[in-house]
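Let's take a friendly walk through a protein and the molecule it holds. Have a look at the structure first, and then read on.

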Amino acid sequence: MPDILLEKECDVDGNEMSIKKSTYINVAIFGLGRIGKLHLHNLARTFRVNIKWIVDDISLHEDIRTLLQKYRLEHVTRLASLEEADTVHSDTSVEVVFVCSPSWQHESIVKKSLTTGKHVFCEKPVALTVETIESCYSLAKENNRILLCAFNRRFDPDLEVIYRKKQNGDLGKVRQLIMISRDPPIPISYIKVSGGIFHDSSIHQLDYVCYFLGERPVTVVAHGNTTSLKADDYRDCNDVDLSTIILTFPSGAIAVIESTRECLHGFDQHFEIVGSKAIAKCENTPLFASKVLLATEIIQDGCPDVFARFGKSYVAEVDHFLDVVQGKTECLVKPHECIMATELAHLCEESLRTGQVVKVPQKN
Ligand SMILES: NC(=O)c1ccc[n+]([C@@H]2O[C@H](COP(=O)([O-])OP(=O)(O)OC[C@H]3O[C@@H](n4cnc5c(N)ncnc54)[C@H](O)[C@@H]3O)[C@@H](O)[C@H]2O)c1
């Protein structure tokens, strides 16, 4: 059960008006790397949760303690090593687990959390195969727990504007979708355990175009190559550093997904829709709105990384998850959609390997 928290309410001038009782949810975060730190930052700012545990490698605990001091959580949050994870799972006051460990570790943490009665917010992908994701969702159903796959693009306010226009019919029939995602350099140690470009990077776009259209694709073709300065490293990981995927849909719509790793100029995201009534575009978001126009060139701030571009979506997805846990709304990311994204990532791998257009098995 959630614990009780005393919450202060202030008027517009910041004067304390009343103290009311509200509930907060005890959470545990597994993994405090890049994304775990971002979720910690957002969770530390909400009254809705109490961060009771952080689980990560003991060699990182000193740095984590410094972060906890920054967020004034040092007397609230306990640290557990990877070997002590069972202590956290068996803490019955923990209602929610955030899974932010490397993808290949998700399945075991998700399953342990669900069977010990916790709701789970899991970074994408929930697991690396269709079968293991299915078994995670079956377990969630058996234990009557929420399992949300954190496809944060769905919660991005800029993309949401275009999605609403499409739902209202303002774009007409959607004919073409183009999603471009270019990532700045990332350590090869991450790439090695990421699951590959389709499961780790393009999976956001595979999920988003299907969600946007509300359709299951008919065919998939994927091309890929290693052309960056770290091409040899990518080859050693049996991975590619750029890919283009083309999906066809029953409605006739065609989606093109371009994913590029190792972009030296920063994070670069574009989304375009060609509809029968309108063209809609979501351009790359610069870090600052300022531009400097010289006679010979335009100097403009680029967007450094995913966290700067999609900051609001990470806050919104956690809020949504907590609303679902508290029974206020239905989960936006459905199990079959999460499974489909990974199924499509596998079909992309098959297409890249065989050089063929692959038919997507249709379900009743
Ligand atoms: N939604 C997004 O935009 C987004 C962005 C980045 C990463 N991710 C996802 O988040 C996950 C983590 O990525 P990252 O970039 O933060 O990786 P990372 O390597 O920076 O961090 C992973 C952390 O998990 C810890 N860890 C390893 N095994 C663990 C275990 N069994 N229990 C607890 N902690 C463990 C590691 O010590 C490390 O601190 C991946 O699944 C990735 O796909 C999502």
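## Two unusual spots and a ligand

Pro 125 is placed in the loop that joins β6 (119-123) to α5 (130-142); helices (H or I, at least four residues) and strands (E, at least two) are DSSP runs, numbered from the N terminus. The model is predicted, so local features need pLDDT of at least 70 and side-chain atom pairs pLDDT 80 or more, while totals for chains, interfaces and linings use all residues. Residues are numbered from 1 along each chain as its sequence is written, and side-chain values use heavy atoms, with hydrogens and water left out.

The peptide bond from Lys 124 to Pro 125 is cis, with omega near -15 degrees. Another loop, between α2 (61-70) and β4 (78-80), holds Arg 72. Phi of Arg 72 is positive, near 55 degrees. Most residues other than glycine have a negative phi, and most peptide bonds are trans.

Now for the ligand. It is surrounded by 26 residues, each with a heavy atom within 4 Å of it. This shell divides into 12 nonpolar, eight polar and six charged residues; Ala, Val, Leu, Ile, Met, Phe, Trp, Tyr, Cys and Pro count as nonpolar, Asp, Glu, Lys and Arg as charged, and the others, Gly among them, as polar.

The table gives polar contacts (pairs of N or O atoms within 3.5 Å) of ligand oxygen atoms.

| Residue | Part of residue | Distance |
|---|---|---|
| Ser 101 | backbone | 3.5 Å |
| Ser 103 | side chain | 2.8 Å |
| Tyr 190 | side chain | 3.4 Å |

Elements giving two or more residues to the ligand's shell are α1 (34-43), α4 (106-115) and α8 (197-213).

Notes: A polar contact is a pair of N or O atoms within 3.5 Å; within protein, one must be able to donate a hydrogen and the other to accept it, and residues adjacent in sequence count only if both atoms are side-chain atoms.
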